[in-house]
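Biologist: I have a new model open and would like to learn how to read it feature by feature. Could you walk me through it?

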Amino acid sequence: MILPKEKTKAEIQSPETLVIYGPPKIGKTTLLATLDNFLILDFEKGSKKIDALKLEVNDLKELKEAGTEIIKAGSPYTGVIADTVTQLEDWCEWAGTEDYMNSIMGKAFNSKQGQILPKSEWKSVLTLPNGAGYIWHRNSFKEWITKINKLAKYKIYVAHVKDIFLEKDNEMTSSKDLDLVGKDKNILCAGADAIGYLYRNSKNPLELRVSFKNNTQDLVGSRCAHLRNQDFVLAVNNEDGSIAESYWNKIYID
């Protein structure tokens with residue numbers, strides 16, 4: 001092994017893992033559909049009215065089947081889009097519940113007289129006392145993020161937004177955050193190269209902007225030099241809501 005004596009230039013400029021979040025109905029899926037050769041894995045049936053390279057996925061079983069087929073085909077897509085990771089988290093709650101039930105300590109959970117109850121009667125693993133069930137949920141979520149990451153070079157995770165309120169200098173301020181459980185958010189964001197917040201320009205509502213601008217409130221930022229602390233127009237809509245122009249080349253520059 002030869003130790004380096006000089007700085008090595010970055011090999012990849014664009015974010016291999018991008019997290020995008022924003023308000024509902026702002027046009028996230030419509031915008032994502034403009035990306036060439038990016039497969040939308042639609043977890044919420046949000047692409048039914050959109051022309052897109054897409055695959056409807058209704059549960060983790062179908063997601064596993066989709067992943068198997070993508071890998072079998074030689075991973076032909078430039079990128080995959082998980083739309084939304086918020087829905088993925090919901091599925092993982094019940095996958096984690098099942099994992100717990102299959103463990104020695106959880107073999108009596110959701111059982112009665114040695115028989116497993118119908119799924120409609122199951123309690124979530126998150127109902128275990130003292131937060132003991134969260135690790136099962138978290139492990140399932142981490143496992144599925146790892147699987148999705150193997151499907152293409154570029155990954156985009158779409159999330160819903162939630163407002164959180166903080167007290168600062170005796171005043172309440174609001175900030176934007178991912179609508180995910182705390183530890184799940186950490187798992188997703190730790191592996192992300194960039195986190196962008198989508199919003200409409202109040203002075204020009206046809207402009208859809210993305211912010212990677214660091215501040216003390218909203219969850220945004222980037223490891224990629226060209227996105228760091230940036231805020232720019234990512235798309236311009238027509239009056240009917242369709243995309244007139246999109247500028248993904250501002251994000252994917254390789």
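Modeller: Happily! Let us begin with charge: the mean positions of the 34 positive and 35 negative charges of the protein chain are 4 Å apart. Keep in mind that this is a predicted model.

Biologist: How many helices and strands does the protein chain have, and what does the C-alpha trace span along its principal axes?

Modeller: The protein chain has 5 helices and 13 strands. Along the principal axes, its C-alpha trace spans about 60 × 55 × 55 Å. The accessible surface is about 14700 Å², and carbon and sulfur atoms account for 50% of that.

Biologist: What pLDDT does the protein chain average?

Modeller: The average is 88, and 91% of the residues score at least 70. Look with care at residues 165-174, where pLDDT stays under 50. For that stretch the model has 13 contacts beyond four places in sequence.

Biologist: Now to burial and contacts. What share of the 254 residues counts as buried?

Modeller: The share is 42%, where buried means under 20% relative accessible area. As for contacts between residues at least 6 apart in sequence, 63% of them join residues at least 24 apart.

Biologist: How should I read the two faces of a strand?

Modeller: The general idea is that side chains in a regular strand alternate between the two faces of the sheet. Now try strand 2, residues 38-42: 5 of its 5 residues are buried, so the strand is largely enclosed by the rest of the structure. F38, I40 and D42 are buried on one side, and L39 and L41 are buried on the other.

Biologist: Which strands are joined to strand 2 by bridges?

Modeller: Strand 4, residues 79-83, runs parallel to strand 2 and is joined to it by 5 bridges. Strand 3, residues 54-56, also runs parallel to strand 2, with 3 bridges joining the two. D42 is a good residue to click on: its bridge partner in strand 4 is D83, and in strand 3 its bridge partner is E56.

Biologist: Let me try strand 1. Are its faces covered or open?

Modeller: Both faces are covered, with T17, V19 and Y21 buried on one side and L18, I20 and G22 buried on the other. In all, 6 of the 6 residues of strand 1, residues 17-22, are buried. Strand 1 pairs with strand 9, residues 194-201, in the parallel sense over 4 bridges. Within that pairing, I20 stands opposite G196.

Biologist: Which strands run antiparallel?

Modeller: Take strand 12 and strand 13 (residues 243-246), which run antiparallel and are joined by 3 bridges. A235 has S246 in strand 13 as its bridge partner. The hairpin of these strands has 5 residues between them, and there G241 takes a positive phi near 95°.

Biologist: One last feature, a loop residue. Where is R223 found, and which residues is it in contact with?

Modeller: R223 is found in the loop between strand 11 (221-222) and strand 12 (231-237). Leaving aside neighbours within four places in sequence, R223 is in contact with A190, G191, A192, D193 and R228. To see how sequence and space can part ways, look at R223 and A192: they are 31 residues apart along the chain, and their C-alpha atoms are separated by 8.5 Å.

Conventions:
Residues are numbered from 1 along each chain as its sequence is written. This is a predicted model: local features need pLDDT of at least 70, side-chain atom pairs count only at pLDDT 80 or more; totals for chains, interfaces and linings use all residues. Side-chain values use heavy atoms; hydrogens and water are left out. Buried means under 20% relative accessible area, exposed over 50%, partly exposed in between (1.4 Å probe, protein chains only). Contact means heavy atoms within 4.5 Å. Accessible areas come from the Shrake-Rupley method with a 1.4 Å probe; for residues, only the protein chains shown count as cover. Lys and Arg count as positive and Asp and Glu as negative; His and the chain ends are not counted. The place of a charge is taken as NZ of Lys, CZ of Arg, CG of Asp or CD of Glu. Two strands pair if DSSP finds at least two bridges between them. pLDDT is the predictor's confidence in each residue, from 0 to 100.
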